[in-house]
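Colleague: Could you take me through one part of this model up close? Pick a helix and tell me what sits around it, and start with a bit of the overall picture.

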Amino acid sequence: MEQLQSMQPTQYVPSNAPVPDGPIVVERGSSAQEFAPKLNRGAADVVRFLLEQGEMVTATMSLADEQMELFAMEVGAELILVDPGQQEEMELQALFDDSDDADEAQQAPRPPIVTIMGHVDHGKTTLLDKIRSANVVAGEAGGITQHIGAYQVTKNDKLITFIDTPGHAAFSKMRARGAGVTDIVVLVVAADDGVMPQTIEAISHARAADVPIIVAVNKIDKENADVQRTLSAVAEQGLIPEAWGGDTIVVETSAQQGLGIDDLLEQLLVVAEVEELTANPNGRAKGFVLEAQLDVGRGPVATVLVDKGTLKVGDPMVAGAAWGRVRAIINDRGEQVKEAGPSSPVQVLGLSAVPQAGDEFRIAPDDRTARTVADSRAQRQRLLSQRGDARAQKGVKLEDIFTQIQAGETATLNLLIKADVHGSLEAVTESLRKLEREEVKAAFVHRGVGSITENDITLAAATNATIIGFNVRPDRKVRELAEAEQVEIRTYEVFTNSSKTSKKR
Ligand code: GDP
């Protein structure tokens, strides 16, 4: 009805002043009060016009894009809608245009950042604890290490950074937000249990991120440990041990008894050297937020991982929609430090609000820029959540594939396949491969047997994949997460005695 009304001639009589020539730049979410003068009109003109279209707005309310466009059309103006703070945002991005990264002389080796993954109960937490207690230099605070989300150890005078949250869920959640904060994955496989579903998931997550994997065959102290059998199962997943002529580094460990830890650390340094991990330690810092919370006494506390540059006390920081002058920097041993270089995890105090895990942080040239960028991001977040499309900017999906093909580009459709049994998984993969064309390739980010899980959603979100389920269906929680992450799930039921396939959503 409202739609129809808006089609009919309106009573609106525009005031006579001519509208400015050429496109008019307007910030999204402007109010009538801010928007109207740019078109040589008063706020009341806008409010009245929209009212006649059946839209109730006040002079100070944020207008939707369509509302502004409708009014612009009415008065014959051409609009360019930009996101608020875009200008400052662009200035800040330009400061980190990576041009200095091309300068070899500025690059220096940096510690590798390691995430431990593997099936539940295979010993990830025990391994992290053991590495920490055996290798962290005791700090002044009585040698008690702080759990801040990551820690560093020293081996052969070199540093290694470990992310303190084991598993691939957090890893892919960070990746889904654009934060690739892992250089090497240690895949823990218990020798008494072998390759299990989450082992395979972890491999898929690490591969999707193109991160090298070191295999730690753990629990070798157990009576029923079978290293050879475990290794053949690992090899079946495409990780062929070096001893067998492949290129996967394997270390045998007992996290509980502290066996093989030194070997593991040494191998990590070897991989780090091969990967030639470097960063420019000079200049303004940027990096990612690992975790953040509100501390009663200290205010917002964020653990960040420095990517490049050196973070210093007093720096004006923007982290997501939070900003602030860095008041204090605390390392993983609870010591206050003045600065932090590449790959070091530190807690930062002084932010105006609590950023989200996975948010990028950057050091702005001054407080004003930091504040403007953060404020405009906060405003944008509010707007987007009001409109219920908080993640609208994200996602290259099926529709985009068609646009890409039309533009003559090769498109890759990322797929995550889950099926009830191994047979149907293979059959489905085969059929999908046959459907591949010159212009459309299918990439399988993960294939697995079993129901569609929350981990599948995070992996799909991180890789822009569409999930296809055969004879398996996601439960309500998983569907909700998929909706929030804008991950498309298609489920099919395959009847083995006919080719009938029914699509269900
Ligand atoms: P996570 O779920 O992968 O983090 O596994 P945990 O580190 O919590 O370990 C699960 C259980 O296995 C715990 O009871 C550990 O004590 C035990 N465990 C871990 N590593 C070893 C090991 O090398 N040998 C033996 N015998 N037990 C281990």
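Modeller: Sure! Keep in mind that this is a predicted model. Let's begin with the whole chain: among contacts with a separation of 6 or more, 72% link residues 24 or more positions apart. The chain holds 15 helices and 25 strands, and 47% of its 505 residues count as buried.

Now zoom in on helix H7, which covers residues 168-176. Its buried residues are His168, Phe171, Ser172, Met174, Arg175 and Ala176. What lies over them? The cover includes three strands, E4 (113-118), E7 (184-190) and E11 (286-295), along with helices H8 (197-208) and H14 (454-463).

Take Ser172 as a close-up, since you'll find this residue in H7 itself. Ser172 has a relative accessible area of 0%, so it falls under the 20% cut-off and counts as buried. Leaving aside residues up to four places away in sequence, Ser172 touches His205, Thr458, Leu459 and Ala462. Just after the helix comes Gly178, with a positive phi of about 90°.

For contrast, have a look at Asp210, in the loop between H8 and strand E8 (213-218). Is Asp210 buried or exposed? Its relative accessible area is 70%, which is over the 50% cut-off, so Asp210 is exposed. On the surface, Asp210 gathers with Glu273, Glu275 and Glu276 in a patch of negative charge.

How values were computed
Residues numbered from 1 in each chain as written. Predicted model: local features only at pLDDT ≥ 70, side-chain atom pairs only at ≥ 80, totals over all residues. Heavy atoms only, no water. Buried < 20%, exposed > 50% of the residue type's maximum accessible area, 1.4 Å probe, protein only. Helix = DSSP H or I, 4+ residues; strand = E, 2+ residues; numbered from the N terminus. Contact = heavy atoms within 4.5 Å. Patch = residues over 30% accessible without salt bridge, like charges linked within 9 Å, V, L, I, M, F, W, Y side chains within 5 Å. Areas by Shrake-Rupley, 256 points an atom, 1.4 Å probe, with all protein chains shown as cover. Salt bridge = Lys/Arg side-chain N within 4 Å of Asp/Glu carboxyl O. Lys, Arg positive; Asp, Glu negative; His and termini not counted. Charge placed at Lys NZ, Arg CZ, Asp CG, Glu CD.
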